[in-house]
Amino acid sequence: MRIIVLVKSPHAAPQRDETLPSLSPGDRAALATALQLRDESDQAIAVTAGPEADDQALRLALRAGANHAVRVIDPTVRGVDQRTLGTVLAGGLRLVGFDLILAGQSSADWASGGAGPAVAHMLRLPHVTGVVQITRTGVDQELHVRHQRERMSIELLVQPPAVLMMTRGPFLELPAAESDSGTPAESSSETPIELLSLSEMTLPFRRPLVAQHQLRPLTRSTARMLDGIDGLVDLLQRWR
Amino acid sequence: MANILIYIELSDNKATPASLFALNRGRDLATELGATLYALLPCATTPTYDDEDIIAVLSRHGADKVILVHHPDLGPPALFVTHGEALVDACHQFPPRLLIFPSSAEARDLAPRLAMALHADYIPHADLEHEGDEFWVTRQVFRRRYQLRQPLLAADHAMVISLCPMQEPQTLGDDEAEVAVVQATVKPSRQVRIRHIEHTVAGPVVGGGGGMSRTGDDDLQRLARVLGGSRVASTTVCDSGHAPAELCASLDGMLVDSDHYLALGISGSERHMAAVQPHTEVVAVNNDPLAPIFTVAQYGLVADATDTARELAGRLKRSEGGDR
């Protein structure tokens, strides 16, 4: 089984062309699950789309145990536009090949949770969000998938291919990022990152859908301040 | 005239408060924009008619019309694999300029894919702001440090948003909404089948940070247990060896994916907030009124976190009549 893990290093902040030396926590859960599901005949392949700075996520995935890493290059990828990102990733995945696609529920920057369903839509695959556990049933490639929501836990039987978006996964300690250890990027992994350009491909659309947007820093407290512990007790009683 | 559709989520055969809040906000918008407000309700059986039936409730909360998307397989819970095709069909019959979901796990599964099917923009966990003549859709991005603002309905395509409930829903009048029934076509997925549904309330996450004394660890544990939730720790606490790395909620650790997060003695660094999901309601307790956590939390209390954890654990345990 070719298990794709969509990974991304979250961007540091707007107007700064850099990424944080880590994976979004949901992507880490997806990677950990892929590595746990993988048996000897399977491959776990980390895939991202974007500029060279995004190789950081792929190198982390390789060092954690992914078999291959692929970065899809397309000039239309923009952080906020999940529709275009999903289209580009789907174009790349058609070339890479897949049996199962795992992703984090949402990234630690734009946090829309739209990329996985967008990929599923473009590839005409079923998707399930809010996944907290995946195990094999032992029947062909069938999977037990647990989807968690506010007041229920739903156990699903999933026959791949499908897109599953994770919020939790096994604990996975990632090796230190290159920027932390000071070692050159090239020596961090024996496995090279495969670059996949879609510039020659005809995608269904390349025009970003997102309307003009503004970004404003949030610097002032918006919290409703409680008078004392009585107010906090009342609030917590409502949670139960 | 533009259509505004509000997706109605059911719990125990009643519309959830977040759905009714979305309907309230939809009413404001529809009145301002001269649009028709539809409540979009998938259902396995058509509702009965009496004073407290769901049609009456949706009418009282602002719906002009109720679209019943009916099929025996469309009972809750709704996932895109079970309900998506029927909802897409209904949206083709009543094309929305704006489709609003209540922010929830159900919305996170349905809304982004519906947006793709409708060629619509998708904005999750949003709020609506009215400035002058314009409506804006806003949401928090970059670990709750920035606000993303987009003009509502300025583009030539539809928008799908999920709306965070900000207050209790209000009844607005007694006018009876018209009802339209869409007999849906549902093809059960061959690839994804529901095997078992377990009704459980996922408890809140309780987090302890460097602002808590280590003598408070037991109280933290007890508090998480009394609330029926789980415990996480900040990077500072894990790095100093006072909590195992598996409990670390951070950009380099696990997600806080619960609906509620009680952050005790946590400063609110960007790396920590990277782990907190956009839909999670944060309540922060910190003795530093200038702690960054207060800029990203929904509720705050300036107090000693260790003392607060101890008192909370005791009082909540007493009010429950015993520890769990």
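Colleague: Which handedness does the crossing of α4(A) and α4(B) have?

Modeller: In this predicted model, the crossing of α4(A) and α4(B) is right-handed. The contact involves A:Pro117, A:Ala118, A:Ala120, A:His121 and A:Met122 on α4(A), and B:Pro112, B:Arg113, B:Met116 and B:Ala117 on α4(B). By type, the residues of this contact are seven nonpolar, one polar and one charged.

Colleague: What are the angle and the distance between the axes of helix α4 of chain A and helix α4 of chain B?

Modeller: Helix α4 of chain A, residues 115–123, packs against helix α4 of chain B, residues 105–117, at an angle of about 45°. Their axes are 9 Å apart.

Colleague: Why is α4(A) called oblique to α4(B)?

Modeller: Roughly parallel requires an angle under 35 degrees, and roughly perpendicular runs from 65 to 115. The angle here is about 45°, which fits neither range, so α4(A) is oblique to α4(B).

Colleague: How do you know that B:Cys248 is not bonded to B:Cys238?

Modeller: A disulfide needs two cysteine sulfur atoms within 2.5 Å. The closest cysteine sulfur to that of B:Cys248 is in B:Cys238, 4.2 Å away, and therefore too far for a bond. Over all chains, the structure holds zero disulfides.

Colleague: What makes B:Cys238 count as buried or exposed?

Modeller: The cut-off for buried is under 20% relative accessible area. B:Cys238 has 12% relative accessibility, so B:Cys238 counts as buried.

Colleague: And how do you know whether B:Cys248 is buried or exposed?

Modeller: The relative accessible area of B:Cys248 is 9%. That value is under 20%, so B:Cys248 is buried.

How values were computed
Residues are numbered from 1 along each chain as its sequence is written. Chains are lettered from A and ligands numbered from 1 in the order in which they are written. This is a predicted model: local features need pLDDT of at least 70, side-chain atom pairs count only at pLDDT 80 or more; totals for chains, interfaces and linings use all residues. Side-chain values use heavy atoms; hydrogens and water are left out. Buried means under 20% relative accessible area, exposed over 50%, partly exposed in between (1.4 Å probe, protein chains only). Axes are lines fitted to C-alpha atoms, for helices over the stretch in contact, and angles run from 0 to 180 degrees between N-to-C directions. Helices (H or I, at least four residues) and strands (E, at least two) are DSSP runs, numbered from the N terminus. Angles under 35 degrees count as roughly parallel, over 145 as roughly antiparallel, 65 to 115 as roughly perpendicular and the rest as oblique. A crossing is left-handed if the near helix is turned anticlockwise from the far one by less than a right angle, and right-handed if clockwise. Contact means heavy atoms within 4.5 Å. Ala, Val, Leu, Ile, Met, Phe, Trp, Tyr, Cys and Pro count as nonpolar, Asp, Glu, Lys and Arg as charged, and the others, Gly among them, as polar.
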